[in-house]
Amino acid sequence: MNQQTFEATDQNFTTQVLQSPLPVLIEFTADWCPPCKVLAPIVEQIAEQYAGKLRVGILDSDANPEIIQQYGVMGLPTLILYVNGTPVERI
């Protein structure tokens with residue numbers, strides 16, 4: 001995680017993601033996930049490139065099962081873009 005990203009958790013998801021005035025991109029990841037490690041530098045680059053226009057959060061799926069279940073994340077890595085608290089795109 002760099003200066004432009006934040007840690008999303010079950011506890012702060014509503015305030016940091018759903019209530020954010022800016023669009024928020026969340027990377028659902030895990031320490032044990034090799035493809036997640038490959039994607040991480042790209043996500044950090046997006047965070048730097050769109051600083052001030054887009055917030056980028058990293059959510060550890062092992063530590064935050066409520067959000068994983070709520071949004072039906074079945075595989076890692078998963079990226080979900082939230083605009084005005086609504087998921088609008090999923091990769």
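Is F13 buried or exposed? In this predicted model, F13 is buried, its relative accessible area being 1%. Because burial requires a relative accessible area under 20%, the value of 1% places F13 in the buried class.

F13 takes part in one of the three aromatic pairs that the structure holds. Its partner is Y82, and the geometry of the pair is edge-to-face, with 5.5 Å from centre to centre and an angle of 80° between the planes. The two residues belong to distant parts of the chain: F13 is in helix 1 (residues 13–18), whereas Y82 is in strand 4 (residues 78–83), and 69 residues separate them. Y82 is likewise buried, with a relative accessible area of 1%.

Y82 also forms an aromatic pair with Y71. This pair is edge-to-face, with a centre-to-centre distance of 5.4 Å and 85° between the planes. Because planes over 60 degrees apart count as edge-to-face, the angle of 85° assigns the pair of Y71 and Y82 to that class. Here too, distant parts of the chain are linked: Y71 lies in the loop between helix 3 (65–70) and strand 4, and Y82 lies in strand 4, 11 residues apart. Y71 is buried, as is Y82. Taken together, F13, Y71 and Y82 make up one aromatic cluster. The cluster thus includes a residue of helix 1 and a residue of strand 4, along with a residue of the loop between helix 3 and strand 4.

A further ring, that of F6, has a charged residue over its face: R55 lies there, at 4.2 Å from the ring centre.

Two loop positions were also examined. T9 is located in the loop between strand 1 (5–8) and helix 1. Its relative accessibility is 14%, so T9 counts as buried. With residues up to four places away in sequence not counted, T9 touches L59, N64 and I67.

A51 is located in another loop, between helix 2 (34–49) and strand 3 (55–60). Its relative accessibility is 36%, so A51 counts as partly exposed. Along the chain, A51 and N12 are 39 residues apart, and their C-alpha atoms are separated by 20 Å. Of the two loop residues, T9 is therefore buried, whereas A51 is partly exposed.

How values were computed
Residues are numbered from 1 along each chain as its sequence is written. This is a predicted model: local features need pLDDT of at least 70, side-chain atom pairs count only at pLDDT 80 or more; totals for chains, interfaces and linings use all residues. Side-chain values use heavy atoms; hydrogens and water are left out. Rings of Phe, Tyr and Trp (its six-membered ring) pair if their centres lie within 6.5 Å; planes under 30 degrees apart count as stacked, over 60 as edge-to-face and the rest as tilted. Helices (H or I, at least four residues) and strands (E, at least two) are DSSP runs, numbered from the N terminus. Buried means under 20% relative accessible area, exposed over 50%, partly exposed in between (1.4 Å probe, protein chains only). A charge sits over a ring if NZ of Lys or CZ of Arg is within 6 Å of the ring centre and within 35 degrees of the ring normal. Contact means heavy atoms within 4.5 Å.
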